[in-house]
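Here is a short reviewer's note for a colleague who is new to reading structures. Please keep the sequence and the 3D view open while going through the points.

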Amino acid sequence: MQNMIKKVVEMDEKARELEAQAQQEKVSIKEQIELQRKKVHDEYVEQARIRAKKNDQMAQEKAEKQLEESVKKHQEALSKLKEQFNLNCDAWVEEIVKRVIEYAHFVILIMGGVCNGFKQHQQRCVCKG
């Protein structure tokens with residue numbers, strides 16, 4: 001009987017040791033899982049940072065290219081305007097002066113009661129004849 005009790009006690013101690021080992025393995029496995037989860041998370045975050053940086057660089061390059069194209073278009077337009085100005089400046093000044101004189105003449109005629117409207121004056125006013 002003593003022998004039986006001793007065997008039961010030994011089996012109980014062995015069961016407790018096995019349970020303690022199982023608990024340690026469980027804790028160890030949980031720690032490994034947590035470390036692996038953190039590693040995967042950190043790798044994912046790093047890949048996201050790399051993608052974001054690459055996207056930022058691509059967006060910056062695209063914006064710079066659009067700016068260059070815009071500047072080029074504006075420089076071309078400015079060049080054309082300067083060319084038109086150089087070609088037509090004298091004619092434009094003549095036309096402006098002619099119209100100012102014509103309008104001043106019209107105002108004088110209106111004040112004198114000869115004409116009654118600028119469009120009529122331009123089209124068929126008797127004062128032109």
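1. A residue is called buried when its relative accessible area is under 20%, exposed when that area is over 50%, and partly exposed in between. By this rule E34, with a relative accessible area of 41%, is partly exposed, and the other residues discussed below can be read in the same manner. Please bear in mind throughout that this is a predicted model, and that the values are computed from it.

2. As for the general make-up, the protein chain has two helices and zero strands. Of its 129 residues, 5% count as buried. The accessible surface of the protein chain comes to about 12200 Å², and 57% of that surface belongs to carbon and sulfur atoms. Helix α1 covers residues 2-111, and the points that follow return to this helix several times.

3. How many salt bridges does the structure hold? There are six of them, and some general background may help here: side chains of opposite charge can pair when their charged atoms come close. One of these salt bridges joins the side chains of R16 and D12, with a distance of 2.9 Å from N to O. Both residues belong to helix α1, where they are four residues apart, or about one turn of the helix. R16 is exposed because its relative accessible area of 55% is over the 50% cut-off, whereas D12, at 36% relative accessibility, counts as partly exposed.

4. E34, already met in the first point, forms a salt bridge through its side chain with that of R37, at 2.7 Å from N to O. R37 and E34 are three residues apart in helix α1, so about one helical turn separates them. R37 counts as partly exposed, at 46% relative accessibility, and E34 is likewise partly exposed, at 41%.

5. A further salt bridge links the side chains of R49 and E46, with 3.6 Å from N to O. Because R49 and E46 are three residues apart in helix α1, they are separated by about one helical turn. R49 counts as exposed, at 53% relative accessibility, while E46 counts as partly exposed, at 39%. Elsewhere, E95, K98 and R99 are joined into one network by salt bridges that share partners.

6. Which residues form the negative surface patch? The patch is made by E61, E64, E68 and E69. Among them, E64 is found in helix α1, and its relative accessible area of 41% makes it partly exposed, because that value falls between the cut-offs of 20% and 50%.

7. The surface also carries a nonpolar patch, formed by F85, W92, I96 and V100. Together these residues have about 410 Å² of accessible area. F85, one of the residues in this patch, lies in helix α1 and is partly exposed, with a relative accessible area of 44%.

8. As a closing exercise, the student may wish to find R16 and R49 in the 3D view, since both count as exposed, and then to compare them with F85 and E64, which are partly exposed.

Terms used:
Residues numbered from 1 in each chain as written. Predicted model: local features only at pLDDT ≥ 70, side-chain atom pairs only at ≥ 80, totals over all residues. Heavy atoms only, no water. Patch = residues over 30% accessible without salt bridge, like charges linked within 9 Å, V, L, I, M, F, W, Y side chains within 5 Å. Areas by Shrake-Rupley, 256 points an atom, 1.4 Å probe, with all protein chains shown as cover. Salt bridge = Lys/Arg side-chain N within 4 Å of Asp/Glu carboxyl O. Lys, Arg positive; Asp, Glu negative; His and termini not counted. Charge placed at Lys NZ, Arg CZ, Asp CG, Glu CD. Buried < 20%, exposed > 50% of the residue type's maximum accessible area, 1.4 Å probe, protein only.
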